[in-house]
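Student: Got a minute to walk through this one with me? I'd like to look at the backbone oddities and then one side chain.

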Amino acid sequence: MGCDKEYIIRLNTVDSTNRYLRDEADALWNRVGGYNGTVVVTAENQTAGRGQRGNVWNSNAGENLLLSILVRPGCSLEVCNQFILSQLVAVALHDTMLCYGIETKLKWPNDIYVGNCKLAGVLLELDYSGAFVEQAIIGIGLNVNQENFPQMDRIPVSMKMLKERRFVVEDVLGTFLDFFNNYYAEIRFGNRNAFVQEYTKLLLGFNEKRPFMDSTGSFDAVIVGVDGYGYLLVRRSNGTLSRYAFKEVELLL
């Protein structure tokens, strides 16, 4: 049930796979030649990889999975439901890790965690046409075999550190793309509820009291859900329901 065509470009070194896809989007899409196609760019090494909040994504050459995916959902995805792409990718990464015996949780909006350690990050760049998402570039960095990391804002972990063995990065890519393509086909045909429910269930802080920080200071709250635009919905200890955009609140680990 996956996408009709998948066009994969493998690069040795690039500044950013997301940047490469954005610059080459039209030319690459024409090579796919179909509405159902996806374009995938992987790299052995990124010299200027980007993460959320403007952070740099650090990765040793050849040790991790670095990729970006280009999709053009058009009228099959409304702007008001754009966050389903983040949910889809996060659930696909979670299910991929289960295939390797690794149980993960999701930190809003779409980081992949094991305990308090970050295993993978996702960066989405969306373009709109009227009421629809015209184009999405989905950047993913997954720590596979790296063991030594520079000082980072989050404690990193890799698949190798968790399972004490090396993994074939290309095999991990294939497993992930199988999940991604099947799930993307599902949302194009309107089957979205399963991803929303699975994503919400996997969220750190869902239905459990956790400490948060916003512009007013720290507070305790419970995550009750995420809306179609990706706003986080939390209920504070006093019963107040708050709605936050990305970067307006932080779950404290």
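**Backbone and burial**

Tutor: Sure, and keep in mind that this is a predicted model. Let's start with Asn207, in the loop that runs between helix H5 (193-202) and strand S9 (209-214).

Student: What's the phi of Asn207?

Tutor: Near 60 degrees, so a positive value in a residue that isn't glycine. Most residues other than glycine have a negative phi.

Student: And is Asn207 buried or exposed?

Tutor: Asn207 counts as exposed, because its relative accessibility is 55% and the cut-off for exposed is over 50%.

Student: Which loop holds Glu164?

Tutor: Glu164 sits in the loop between helix H3 (159-163) and H4. Its phi is also positive, near 60 degrees, and Glu164 is exposed at 72% relative accessible area.

Student: How long is H4, then?

Tutor: H4 covers residues 169-188, which is 20 residues, and spans 28 Å from first C-alpha to last, close to the 28 Å expected. Just after H4, Gly190 has a positive phi of about 85 degrees.

Student: New topic: which residues does the cis peptide bond join?

Tutor: Trp108 and Pro109, with omega about 5 degrees. Pro109 is in the loop between strand S5 (105-107) and strand S6 (111-114).

Student: Now the side chain. Where is Leu28?

Tutor: Leu28 is in helix H1 (residues 17-32). It is buried, with a relative accessible area of 2%.

Student: What is Leu28 in contact with?

Tutor: Setting aside neighbours within four places in sequence, Leu28 contacts Tyr7, Ile9, Tyr20, Leu21 and Val39.

Methods. Residues numbered from 1 in each chain as written. Predicted model: local features only at pLDDT ≥ 70, side-chain atom pairs only at ≥ 80, totals over all residues. Heavy atoms only, no water. Helix = DSSP H or I, 4+ residues; strand = E, 2+ residues; numbered from the N terminus. Expected span 1.5 Å × (residues − 1). Buried < 20%, exposed > 50% of the residue type's maximum accessible area, 1.4 Å probe, protein only. Contact = heavy atoms within 4.5 Å.
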